[in-house]
Amino acid sequence: MTIYLPGVALTDHVFTVPLDHTDPGGEKIEVFAREAVDPVRRGDDLPWLVFLQGGPGGKSPRPHAADGWLARA
C-alpha cells in the first residue's frame, strides 16, 4: 500500500532475511523498510538512499511532507 503526502509517496516493505547470513537456511527475521519517492518519479529506476532512523526503544519522527533532508534527497 502506498500513502501519498505532499510531495512524497511512501510505500512500506517487509523483507524476510536470514538471522545469520552464513546460514541462509537457518532462522529468519523480518526487516521493515519504508520507500519514499517523489510521486512523479514512481516507477523510475532510482538509486537507493538508506537512512537509519531511530533505534531500539527510541521514537522517531514520521515524514509529513517532502521537506528537510527528504526534499533534498
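What follows is a look at the sheet, the salt bridges, a surface patch and the main pocket of this model. The model is predicted, so local features need a pLDDT of at least 70 and side-chain atom pairs count only at pLDDT 80 or more, while totals for chains, interfaces and linings use all residues. Residues are numbered from 1 along each chain as its sequence is written, and side-chain values use heavy atoms, with hydrogens and water left out.

The sheet comes first. Three strands (DSSP E runs of at least two residues, numbered from the N terminus, with helices being H or I runs of at least four) make up an open antiparallel sheet in the order β1-β2-β3. Two strands count as paired if DSSP finds at least two bridges between them. Since β1 (2-5) and β3 (28-37) sit at the edges with a single partner strand each, one side of each is left without a neighbour in the sheet. On average, neighbouring strands are turned by 25° against each other, direction ignored (axes are lines fitted to C-alpha atoms, for helices over the stretch in contact, and angles run from 0 to 180 degrees between N-to-C directions).

Strand β2 (residues 8-18) pairs with β1 over four bridges, and one bridge joins Thr-2 to Thr-11 in β2. The two strands form a hairpin with two residues between them, and Gly-7 in the turn has a positive phi of about 80°.

Two salt bridges turn up in the structure (a side-chain nitrogen of Lys or Arg within 4 Å of a carboxyl oxygen of Asp or Glu). In one of the salt bridges, Arg-34 meets Asp-12 at 2.8 Å, N to O. That pair ties together distant parts of the chain, with Arg-34 in β3 and Asp-12 in β2, 22 residues apart.

The largest pocket (on a 1 Å grid over the protein atoms alone, an open set of points where a 1.4 Å probe fits, with protein on both sides within 12 Å along at least five of seven lines; lining residues have an atom within 4 Å of a point) is lined by 36 residues, and Arg-34, Glu-35, Ala-36, Leu-49 and Trp-69 lie nearest its centre. Its volume is about 1,400 Å³, taken as the space filled by probe spheres set on the points, with grid points joined across faces, edges and corners. β2, β3 and α1 (68-72) each supply at least two lining residues, and β3 gives the most, with seven.
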